[in-house]
Each structure stands twice: as structure tokens, then as C-alpha cells.
Amino acid sequence: MLTEKWTPMNREITKFNSLVLKTRVMSGENDENWMTRVEILYKTHTGSDFKHKSVWSFLKDKHKWKNPDSINARRNRHRVTDEEPDLFGDDELPRPPDKEIIAKSKRSSNSAASSGSTPTMFQEMLQQQYELDQKRKIERINREVNSRVALYDSQKVADDLKVLQMSTDGMGTVDVTIINAQKARIRALYAPQT
């Protein structure tokens with residue numbers, strides 16, 4: 001029963017909270033006017049009034065709601081737990097950055113020593129893969145260009161054949177002269193070279 005109530009409520013509170021985090025206080029605007037503006041924005045986006053202001057007031061200072069992009073917030077956003085006293089996800093603060101960097105550096109040096117791989121080998125492998133991808137791309141483009149050139153050439157030959165087969169009966173002398181000049185040019189173009 002709690003899940004049925006919490007899931008839609010959580011969705012609405014999350015939308016409202018994201019608007020709160022994105023909306024900045026304007027110059028000369030007090031908290032009440034700012035909150036009214038956020039509520040109007042919410043109604044504009046969703047088409048309904050925000051009904052859970054008291055719940056949001058309770059949750060807004062929790063880590064998950066202050067930092068919606070954190071790992072714990074994303075992992076626990078739609079989860080309801082039976083744990084006490086916190087029913088709304090973890091409020092645990094993230095590990096300090098210097099601790100995380102030390103732990104990662106130890107892991108990477110140990111794994112490199114055990115596997116025998118080095119960053120330069122990995123870079124070389126990436127470079128080779130990039131070169132292969134570029135080579136394939138160039139080959140594909142060349143095939144496409146060649147097929148287009150062949151298509152153009154075949155269309156040109158077909159057009160030339162139409163001109164050669166054209167009858168000049170009933171045409172004026174100027175038109176006959178132009179057609180005959182085109183036929184002479186085409187015959188010279190396709191004449192065997194000796």
C-alpha cells in the first residue's frame with residue numbers, strides 16, 4: 001500500500017524538486033514569491049497543482065533531493081525500503097574525493113602489474129583500432145564514389161545513344177545543324193583510338 005502511494009508521489013516530488021534546483025531567485029524576490037513562481041512553473045509543465053509541498057519540505061534537505069544526480073540518488077530514486085528510520089533512500093554523503101582517488105590508484109597499479117598490460121599498450125591498441133576504422137571508412141567511401149561514377153557514366157552513354165537515334169525529320173535547319181553537331185561530337189568521342 002505504501003508503494004502504491006509513494007511511487008506517484010515520488011515522481012511528482014522529483015519533478016518539482018528539479019524545477020526548484022533549476023529556478024534561480026530573481027533580484028528583489030523573496031522566498032515566498034520564488035516558491036510561488038516555482039509552483040506556477042510546475043503547473044505549466046505538468047498541467048496540475050503541486051499537492052505534496054509538506055512532503056517536499058521534509059525531503060528537500062536530504063542528500064538525495066539536494067543532489068539528484070548523485071549515484072545514491074539515482075539508485076534509490078524509486079525504491080521504498082522497510083528500513084528504519086529512513087524510508088526514503090540513503091542520506092549518506094559521498095566519500096571524500098582524496099580517498100576515492102587513492103583507492104582507484106592502488107587498484108589500477110595492482111591490476112596493471114598482475115595482467116602485464118600498460119597504458120601505452122592500451123593506447124597503441126586504441127590507435128590501431130582507430131586506423132583500421134579509418135581504413136574501412138575510406139574503402140567504403142571509395143566504393144560508393146566508384147559506383148556513383150559508374151552510374152553517371154552509364155547514364156551519359158544512354159543519353160548519347162538517344163541523341164544518335166534522334167531523327168531530324170521535320171526539324172528546322174538550325175535544329176538539324178545543332179543535332180548533327182552533337183552526333184558528330186558523340187561519334188568522335190566513342191570512335192576507336194588508333
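Trainee: Let's start on the surface: what is the relative accessibility of K53?

Mentor: Good place to begin, and keep in mind that this is a predicted model. Buried means under 20% and exposed means over 50%. K53 falls between those cut-offs and therefore counts as partly exposed. Its relative accessibility is 36%.

Trainee: Which residue does the side chain of K53 meet in a salt bridge?

Mentor: The N to O distance in this salt bridge is 3.1 Å. The pair links distant parts of the chain, 14 residues apart, with K53 in helix α3 (residues 53–59) and its partner in helix α2 (residues 31–46). That partner is partly exposed, with a relative accessible area of 25%. The residue that K53 meets is E39.

Trainee: How many salt bridges does the structure hold?

Mentor: The E39 and K53 pair is one salt bridge, and K43 and D49 form another, at 3.4 Å from N to O. A further one joins R148 and E144. For the whole structure, the number is 6.

Trainee: What is the relative accessible area of D49, the partner of K43?

Mentor: The side chains of K43 and D49 meet in a salt bridge. K43 is partly exposed, with a relative accessible area of 43%. D49 is also partly exposed, and its relative accessible area is 47%.

Trainee: In which helix do R148 and E144 lie?

Mentor: Their side chains meet in a salt bridge, with 3.0 Å between N and O. R148 is exposed at 56% relative accessible area, whereas E144 counts as partly exposed at 36%. Because the two are 4 residues apart in one helix, about one helical turn separates them. That helix is α7.

Trainee: How many helices and strands are there in the protein?

Mentor: From the N terminus on, the elements run α-α-α-α-α-α-α-α. Every entry in that run is a helix, and the strand count is 0. So the tally, with helices and strands as assigned by DSSP, is 8 helices and 0 strands.

Trainee: Which element gives the most residues to the largest nonpolar core?

Mentor: In soluble globular proteins, nonpolar side chains tend to be buried together. Here, the largest nonpolar core has 13 residues, and those with the most contacts inside it are I13, F16, V20, V38, F50 and W56. The elements that give two or more residues to it are α1 (2–22), α2 and α3. With 5 residues, the one that gives the most is α1.

Trainee: Which residues does I13 touch, leaving out those up to four places away in sequence?

Mentor: I13 is among the residues with the most contacts inside the largest nonpolar core. Two of its neighbours, F50 and W56, are in that top group as well. The full list for I13 is W6, F50, H52, V55, W56, L59 and W65.

Trainee: What is the angle between the planes of F16 and W56?

Mentor: A pair of aromatic rings is described by the distance of the centres and the angle of the planes. The count comes to 4 aromatic pairs, and F16 and W56 form one of them, at 5.3 Å centre to centre. This pair links helix α1 to helix α3, 40 residues apart in the chain. Planes over 60 degrees apart count as edge-to-face, and here the angle is 85 degrees.

Trainee: Which residues do ring pairs link into a cluster?

Mentor: F16 is buried at 0% relative accessible area, and W56 counts as buried at 5%. Y42 and F50 form another edge-to-face pair, with 5.3 Å between centres and 75 degrees between planes. Y42 is buried at 2%, as is F50 at 11%. The cluster is made up of F16, Y42, F50 and W56.

Trainee: Which nonpolar residues form a patch on the surface?

Mentor: The patch has about 360 Å² of accessible area together. The elements that give two or more residues to it are α7 (119–165) and α8 (173–190). Patch residues need over 30% relative accessible area, and Y190 in helix α8 is partly exposed at 42%. The patch is formed by V157, L161, L189 and Y190.

Trainee: And what share of the residues of the protein counts as buried?

Mentor: The accessible surface comes to about 15300 Å², of which 56% belongs to carbon and sulfur atoms. Buried means under 20% relative accessible area. Of the 194 residues, the share that counts as buried is 16%.

How values were computed: Residues are numbered from 1 along each chain as its sequence is written. This is a predicted model: local features need pLDDT of at least 70, side-chain atom pairs count only at pLDDT 80 or more; totals for chains, interfaces and linings use all residues. Side-chain values use heavy atoms; hydrogens and water are left out. Patches are made of residues with over 30% relative accessible area and no salt bridge: like charges are joined within 9 Å, nonpolar side chains (Val, Leu, Ile, Met, Phe, Trp, Tyr) within 5 Å. Accessible areas come from the Shrake-Rupley method with a 1.4 Å probe; for residues, only the protein chains shown count as cover. A salt bridge is a side-chain nitrogen of Lys or Arg within 4 Å of a carboxyl oxygen of Asp or Glu. Buried means under 20% relative accessible area, exposed over 50%, partly exposed in between (1.4 Å probe, protein chains only). A nonpolar core is a set of buried Ala, Val, Leu, Ile, Met, Phe, Trp, Tyr and Cys residues joined through side-chain atoms within 4.5 Å. Contact means heavy atoms within 4.5 Å. Rings of Phe, Tyr and Trp (its six-membered ring) pair if their centres lie within 6.5 Å; planes under 30 degrees apart count as stacked, over 60 as edge-to-face and the rest as tilted.
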